[in-house]
Amino acid sequence: MPVYVGLDCSTQSLSAVAIEVGTARRRVLFEHTLSFDEALPYYGTKKGVLPSTDPLVMTSSPLMWAEALDRMMGVIATNGGFELARLAAISGSAQQHGSVYLHASATGVLASLDPARPLVEQLAGSFTRDSSPVWMDASTSAQCTEISTALGGDAALARLTGSRAFERFTGPQIRKFYRSEPRAYERTDRIHLVSSYLASLLAGAHAPIDPGDGAGMNLMDLRRARWADAALDATAPGLRKKLPDLELPWTVIGRLAPYWVRRYGFPPSKVVVWSGDNPCSLIGAGIVRPGNVAISLGTSDTLFALMAEPRVDPAGTAHVFGAPTGDYMSLICFRNGSLARERVRDAHGLDWDGFSRALRETPAGNRGRILIPWFEPEITPTVLAPDVRRYGLEPDDAAANVRAVVEAQMMAMAIHSTWTGNAVERIHATGGAARNREILQVMADVFAAPVYPLEAGNSASLGAALRAAHADALDSGHAPPWDDIVAGFAPLPDAALRPDPRNVEVYRALRPVYAACEAHSLHGTPDPALLLTAFRERQQR
Ligand code: ADP
Ligand code: XUL
């Protein structure tokens with residue numbers, strides 16, 4: 001039975017998962033995580049990021065990522081618990097947007113890695129920039145404006161690349177490097193994403209970028225999955241020849257380089273193009289067809305969905321990336337997630353049991369009592385300063401405030417995801433708050449769709465392993481449907497929370513009322529008092 005390995009290089013750690021994929025048995029064989037700060041302390045990172053005097057600058061060390069990869073491959077070889085000869089293919093996932101800058105000499109180094117010496121020793125002279133900007137960097141506002149202006153504004157850039165200019169996106173980061181260190185930029189032969197850099201190390205040759213991660217750069221024509229010349233020109237001169245090629249997300253880019261074969265005893269397994277952590281998580285969460293949505297209830301809440309069409313968010317706050325299935329995916333972030341739920345919970349001296357009890361004891365629709373929960377500046381919709389408002393809601397009514405915060409979050413997610421154009425048919429819920437079934441019931445009722453809680457685990461590395469399995473099958477001449485690829489790893493039907501038809505009706509009526517309260521808070525549009533009264537009267541009937 002073949003084994004597939006998926007790696008995930010996130011902000012703070014490198015994780016690996018090995019899965020066994022047979023007709024009768026499909027299961028996780030091995031999981032392991034190396035935390036950068038703890039396992040590789042001599043790079044000096046804190047939570048995976050290098051110290052900086054400028055709070056807007058966030059970088060990490062590409063050499064550290066290479067050393068982590070070297071170590072992880074050693075751990076898999078000795079402790080993976082499977083016969084290495086069974087490893088059919090390997091792929092990976094990485095934090096999106098981060099970039100790695102290589103000198104021309106890197107090409108020769110990659111092609112002739114010596115298995116007798118550690119990887120980092122051999123790579124040390126290969127970088128034109130020792131540190132790599134990562135997704136938390138926010139230091140490129142000037143470059144965002146320049147790129148956006150050159151391309152005809154935010155909306156035009158979003159239509160072309162899937163997102164308006166964002167500080168963390170790779171294009172603005174490359175422009176800043178070109179402006180501040182023009183000579184180092186000129187000496188740069190290749191600019192990789194974290195994903196394509198690590199794939200290059202595995203394959204011993206420069207790896208391509210897939211449309212999932214390529215869409216996080218403000219450089220790729222989303223519809224054609226090709227570099228967009230106008231965006232390249234607006235970013236930095238001579239950029240095209242410094243970028244890797246773009247390839248389909250199931251491309252087998254080569255075999256594990258002799259370094260890995262001789263140093264650790266791996267077979268020359270297929271290396272499959274890596275992708276970003278969000279596209280990989282989509283697959284790891286079992287989202288493989290339009291109408292399937294994943295909602296992660298973590299510190300922030302995020303909603304990501306598979307889309308058949310490359311539509312973009314007219315409000316400009318969300319992102320559209322390529323999906324590993326060859327479709328598209330939306331990514332919508334809501335900053336006031338667990339953060340806001342905890343603020344309400346703590347304000348009323350509750351624990352999570354008390355929070356759940358409050359949800360059980362209050363009716364759907366909350367008798368028209370509404371909270372706008374921007375305890376911190378909000379990403380979706382854009383709110384720059386904290387702004388909490390209550391409509392008909394007493395601040396000290398604990399149970400009503402609990403229901404109001406959860407209903408507000410679910411309403412906002414439903415309202416601000418309609419632009420994706422796909423009706424929601426099922427939701428896979430993950431993140432710390434997904435263990436709360438009362439919260440998930442509100443989700444099911446608001447979206448009028450069943451909610452399947454996912455088992456905790458690293459969905460990005462699992463998604464990478466499943467992508468490796470899919471690419472291997474395709475490369476071997478049969479193309480199983482994606483439903484079959486994720487089968488056995490996707491949530492079981494009997495765990496689902498089903499929508500209650502009466503509550504679905506209530507929330508259908510509440511939606512325009514909530515939208516009016518949101519618009520009133522955001523733009524000072526007319527007070528929604530009349531709408532609220534009508535909704536309350538309808539609930540009392
Ligand atoms: P992160 O985004 O940091 O990875 P997690 O996905 O691990 O976050 O989620 C952590 C959050 O889950 C905590 O901040 C907490 O608010 C929330 N949480 C944990 N248990 C519950 C519960 N029973 N009900 C609601 N929220 C919970
Ligand atoms: C997405 C983003 C993050 C990183 C985190 O746009 O910036 O999700 O991919 O790893």
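Colleague: Which residues lie nearest the centre of the second largest pocket?

Modeller: They are T418, A423, V424, F447 and R511, within a lining of 19 residues. Keep in mind that this is a predicted model.

Colleague: What makes a residue part of that lining?

Modeller: It must have an atom within 4 Å of a grid point of the pocket. For the second largest pocket, 19 residues pass. The space itself comes to about 330 Å³.

Colleague: Why is it called a pocket and not a cavity?

Modeller: A pocket is an open set of points, whereas in a cavity the probe cannot get out. The second largest pocket is therefore open by definition.

Colleague: Which elements each supply at least two residues of its lining?

Modeller: β15 (301-307), α17 (437-447) and α20 (501-523) do. α20 gives the most, with four residues.

Colleague: How does that lining divide into nonpolar, polar and charged residues?

Modeller: There are 12 nonpolar, five polar and two charged residues. Phe counts as nonpolar and Arg as charged, so F447 falls in the nonpolar class and R511 in the charged one.

Colleague: Which domains does the lining draw on?

Modeller: At least three residues come from each of domain 2 (288-335 + 420-495) and domain 3 (338-417 + 500-540).

Colleague: Now ligand 1. Why do you say that ligand 1 lies between domains?

Modeller: Because domain 2 and domain 3 both give residues to the shell around it. That shell is G298, T299, S338, E342, W352, G431, G432, A433, R435, N436 and I439.

Colleague: What makes T299 a polar contact of ligand 1?

Modeller: The cut-off is 3.5 Å between N or O atoms. An oxygen atom of ligand 1 is 2.8 Å from an N or O atom in the T299 side chain, so the pair qualifies. The side chain of R435 has an N or O atom 2.9 Å from a nitrogen atom of the ligand. For N436, a polar side-chain atom lies 3.1 Å from a ligand nitrogen. Of the 590 Å² of accessible area that ligand 1 has on its own, the protein covers 62%.

Colleague: How does the shell around ligand 1 divide by class?

Modeller: Into three nonpolar, six polar and two charged residues. Gly counts as polar, so G298, G431 and G432 are among the polar ones.

Colleague: Which residues are around ligand 2?

Modeller: Q95, Q96, H97, W135, R168, D277, N278 and L331. By class, two are nonpolar, four polar and two charged.

Colleague: How do you know that D277 makes a polar contact with ligand 2?

Modeller: A polar side-chain atom of D277 lies 2.4 Å from an oxygen atom of ligand 2. The limit is 3.5 Å, so the pair counts. An N or O atom in the side chain of H97 is 2.7 Å from a ligand oxygen, and for N278 the value is 3.0 Å. Taken alone, ligand 2 exposes 290 Å², and the protein buries 86% of that.

Colleague: How many cavities of 30 Å³ or more does the structure hold?

Modeller: Three. The largest contains about 110 Å³ of space. Its lining has 14 residues, with F334, P373, E378, Q409 and A412 nearest the centre. β18 (370-374), α16 (398-415) and α20 each give two or more of them. The largest share, four residues, is from α16. Eight residues of this lining are nonpolar, three polar and three charged.

Colleague: What lines the second largest cavity?

Modeller: R369, I370, L371, A404, E407, A408, M411, L510 and Y514. β18, α16 and α20 each give two or more residues. Here too α16 supplies the largest share, four residues. The space is about 50 Å³.

Colleague: What makes seven of its residues nonpolar?

Modeller: Ala, Leu, Ile, Met and Tyr all count as nonpolar, so I370, M411 and Y514 are among the seven. Two residues are charged and none is polar. Arg and Glu count as charged, so R369 and E407 make up that pair.

Colleague: Back to the chain itself. Which residues does a cis peptide bond join?

Modeller: T380 and P381, with omega at about -5 degrees. P381 is in the loop between β18 and β19 (387-391).

Colleague: What is the phi of A225?

Modeller: About 50 degrees, a positive value in a residue that is not a glycine. A225 is in the loop between β9 (220-221) and β10 (226-227).

Terms used: Residues are numbered from 1 along each chain as its sequence is written. Chains are lettered from A and ligands numbered from 1 in the order in which they are written. This is a predicted model: local features need pLDDT of at least 70, side-chain atom pairs count only at pLDDT 80 or more; totals for chains, interfaces and linings use all residues. Side-chain values use heavy atoms; hydrogens and water are left out. A residue is near a molecule or strand if one of its heavy atoms lies within 4 Å of it. A polar contact is a pair of N or O atoms within 3.5 Å; within protein, one must be able to donate a hydrogen and the other to accept it, and residues adjacent in sequence count only if both atoms are side-chain atoms. Accessible areas come from the Shrake-Rupley method with a 1.4 Å probe; for residues, only the protein chains shown count as cover. Domain bounds come from an automatic or database domain assignment. On a 1 Å grid over the protein atoms alone, a cavity is a set of points where a 1.4 Å probe fits but cannot get out, and a pocket is an open set with protein on both sides within 12 Å along at least five of seven lines; lining residues have an atom within 4 Å of a point. Grid points are joined across faces, edges and corners, and a volume is the space filled by probe spheres set on the points.
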